[in-house]
Amino acid sequence: MIPRRDTIQFVLNDQLVTLAFDAGNELKPTTTVLNYLRSLPFHKGVKEGCAEGDCGACTVVVAENYHGKLMYKTIDSCLVFLPMIHGKQLITVENLADAGTLHPVQQEMINHNGSQCGYCTPGVVMSLFGLYKNHYKPGREIIEDALTGNLCRCTGYQPIIKAAEHACSCVDTDKFRLHEASIVEMLKSINRKKTAIEIQTSTRNYFKPLTLPDALAFRSRYPSATIVGGATDTALRQTKKGELLQEILDISGIEELKYFVEDEQVYKIGSGISLEELKRHAAGKLPALYRMLQKFGSLQIRNQATLGGNIGSASPIGDTLPLLIACKAGVRLQSADSGRVIRIGDFIKGYRLTGLHADELITAVHIPKPDSSTTISAYKVSRRKHMDISTVSGGFSLQLEKNYVVEIILAFGGMAEQPKRAAETEAFLRGKPWTRATVDQAMDILAGEFTPWSDARAGAAYRNLAARNLLLKFYTETSSPAL
Ligand SMILES: Cc1cc2nc3c(=O)[nH]c(=O)nc-3n(C[C@H](O)[C@H](O)[C@H](O)COP(=O)(O)OP(=O)(O)OC[C@H]3O[C@@H](n4cnc5c(N)ncnc54)[C@H](O)[C@@H]3O)c2cc1C
Ligand code: FES
Ligand code: FES
């Protein structure tokens with residue numbers, strides 16, 4: 001029997017909050033943090049713009065205890081269910097000022113006229129606060145990345161960027177630094193017991209195990225429960241499609257799924273790692289993955305979204321999938337009494353369909369280290385460079401010997417109902433010289449291999465052309481100039 005609790009606890013700014021979800025309470029376990037905050041009398045600063053993670057008006061910061069230090073992360077509160085903040089500090093714009101003195105990020109927004117209508121401003125301020133807590137004198141790229149998830153339609157970004165530069169050029173001595181130790185102690189006391197949360201109301205069952213064995217036990221008892229990693233896909237089912245999510249298995253609190261380790265042959269990555277943390281690990285080790293993650297959603301989305309969630313959603317335009325196929329990655333699937341590793345290409349079965357068994361969870365991804373004769377690249381074609389989902393994407397791998405193709409994998413997203421390899425084109429290229437003439441012929445074969453759809457993002461002809469051109473781009477990046 002798993003020990004469990006039916007309340008959640010977190011620190012709202014500096015106050016310990018305990019929430020129960022009994023009959024007398026308006027709150028549901030699937031209430032979003034945004035709606036919870038706006039139901040309180042003094043937390044109307046946080047705004048709803050889109051309720052789908054696009055505008056950042058709902059940005060808040062959560063702080064987590066990491067070995068006695070607080071780690072600050074910006075998140076979109078419209079995509080977070082209340083139990084997901086159990087054991088964390090939730091920081092809102094109302095609490096940034098210190099006894100009447102504005103926080104440096106607020107003061108610099110005023111100094112640089114960073115606000116006009118003000119609708120986006122609380123979200124922008126919280127993104128600047130996250131930046132301030134994580135970076136001292138950040139470069140332009142880091143500042144822009146911190147603001148990618150915040151849409152401002154009237155001020156323009158230059159004043160906001162100036163505010164960021166000035167605020168983050170002073171040493172962090174804010175009140176959060178001064179009170180860090182006491183908040184850490186509060187979080188420790190909440191998290192001391194690894195007790196699973198099980199909230200049952202008349203309409204919803206919400207399970208939040210904190211260990212993998214508990215999660216697998218819940219999974220086998222409630223196989224139809226919706227698995228939630230970061231909820232950046234799942235929450236939209238509620239906020240946009242109006243679905244009632246009756247049973248949720250929230251695995252966001254399982255620390256043992258958040259790892260990145262390597263041995264001589266393989267990188268092993270826990271499925272619960274956030275994409276932002278994965279990006280940090282990938283820098284220098286998995287350059288194609290790193291570059292792809294630079295264009296993935298926004299910082300708020302990457303702070304929440306997990307690798308397991310990107311695979312589990314099996315979207316035809318899921319950005320990690322073509323690349324993982326090109327890397328010949330394996331997905332580790334685990335149930336309470338067994339485990340298996342399966343190639344990612346075999347795991348994705350169709351449109352948003354995987355081969356996950358009813359009692360399994362995705363627990364890890366294994367990426368073999370490529371040898372020195374292999375080049376791996378990832379490409380994303382989207383209408384905007386950042387904060388957009390792919391129109392067409394590609395994950396390619398090429399092994400050459402004396403400029404002849406020994407092995408090639410060309411995996412595309414956005415070209416079929418699931419991420420798919422261009423099998424005929426690959427077969428044509430194998431054993432051929434890696435030259436422009438061969439690639440020109442391969443591009444013609446590629447054009448006939450897929451029958452992509454047309455939608456608001458692009459027509460079928462555009463998608464076909466984009467796929468051909470990605471192959472050409474890959475060739476130009478991997479060929480020697482004389483050929
Ligand atoms: C504003 C915005 C921008 C986005 N931008 C991008 C983008 O640039 N590229 C892109 O590819 N996607 C993008 N997405 C989609 C989404 O963020 C990603 O697919 C993300 O990786 C999902 O991860 P998650 O942990 O939030 O998944 P969740 O929403 O928690 O889960 C998604 C699915 O995976 C299943 N699942 C989750 N974890 C597991 C597990 N461990 N085992 C088994 N099944 C599991 C769930 O049941 C669910 O079906 C965006 C979404 C938003 C809202
Ligand atoms: S309300 Fe737009 S990102 Fe949350
Ligand atoms: S100040 Fe109006 S949207 Fe940013």
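## Burial and overall form

A residue counts as buried if 20 or more other C-beta atoms lie within 10 Å of its own. In this predicted model, buried residues make up 47% of the 483 residues in the protein chain.

How does the radius of gyration agree with that of a compact globule? A compact globule of 483 residues would have a value near 23 Å. The protein chain has 23 Å, so the two agree. Along its principal axes, the C-alpha trace spans about 70 × 55 × 45 Å.

## Helices, strands and contacts

The protein chain holds 18 helices and 21 strands. Now take the contacts between residues at least 6 apart in sequence. Of these, 67% join residues at least 24 apart.

## Four domains

The domain assignment gives four pieces to follow along the chain. Domain 1 is written in two segments, 4–94 and 179–250. Domain 2 covers 99–173. Domain 3 covers 255–368, and domain 4 covers 374–478.

## Where domain 3 meets domain 4

The centres of domain 3 and domain 4, taken over C-alpha atoms, are 21 Å apart. Their contact takes 22 residues from domain 3 and 24 residues from domain 4.

Which elements of domain 3 supply at least two residues each to the side that touches domain 4? They are helix 11 (287–294), helix 14 (320–326) and strand 15 (348–350). Helix 14 gives the largest share, with 6 residues. By type, the residues on this side of domain 3 divide into 14 nonpolar, 5 polar and 3 charged.

## An open sheet

Strands of a sheet pair through backbone hydrogen bonds, either parallel or antiparallel. One open sheet here has 5 strands, in the order 11-12-17-13-14, and the pairing is antiparallel. Why do strand 11 (260–262) and strand 14 (339–343) each have one side without a neighbour in the sheet? Both stand at the edges, and each has a single partner strand, so one side of each is left without a neighbour. From one strand to the next, the twist averages 25 degrees.

Look closer at one pair within the sheet. Strand 13 (residues 330–334) and strand 17 (residues 361–368) run antiparallel, and 5 bridges join them. Which residue of strand 17 stands opposite Gly330? That residue is His366.

Key. Residues numbered from 1 in each chain as written. Chains lettered and ligands numbered in written order. Predicted model: local features only at pLDDT ≥ 70, side-chain atom pairs only at ≥ 80, totals over all residues. Pairing = 2+ DSSP bridges. Helix = DSSP H or I, 4+ residues; strand = E, 2+ residues; numbered from the N terminus. Axes fitted to C-alpha atoms, helices over the stretch in contact; angles between N-to-C directions. Domains from an automatic or database assignment. Contact = placed C-beta atoms within 7 Å. Nonpolar A, V, L, I, M, F, W, Y, C, P; charged D, E, K, R; others polar. Rg over C-alpha atoms; globule rule 2.2 N^0.38 Å. Buried ≥ 20, exposed ≤ 12 C-beta atoms within 10 Å, placed from the backbone.
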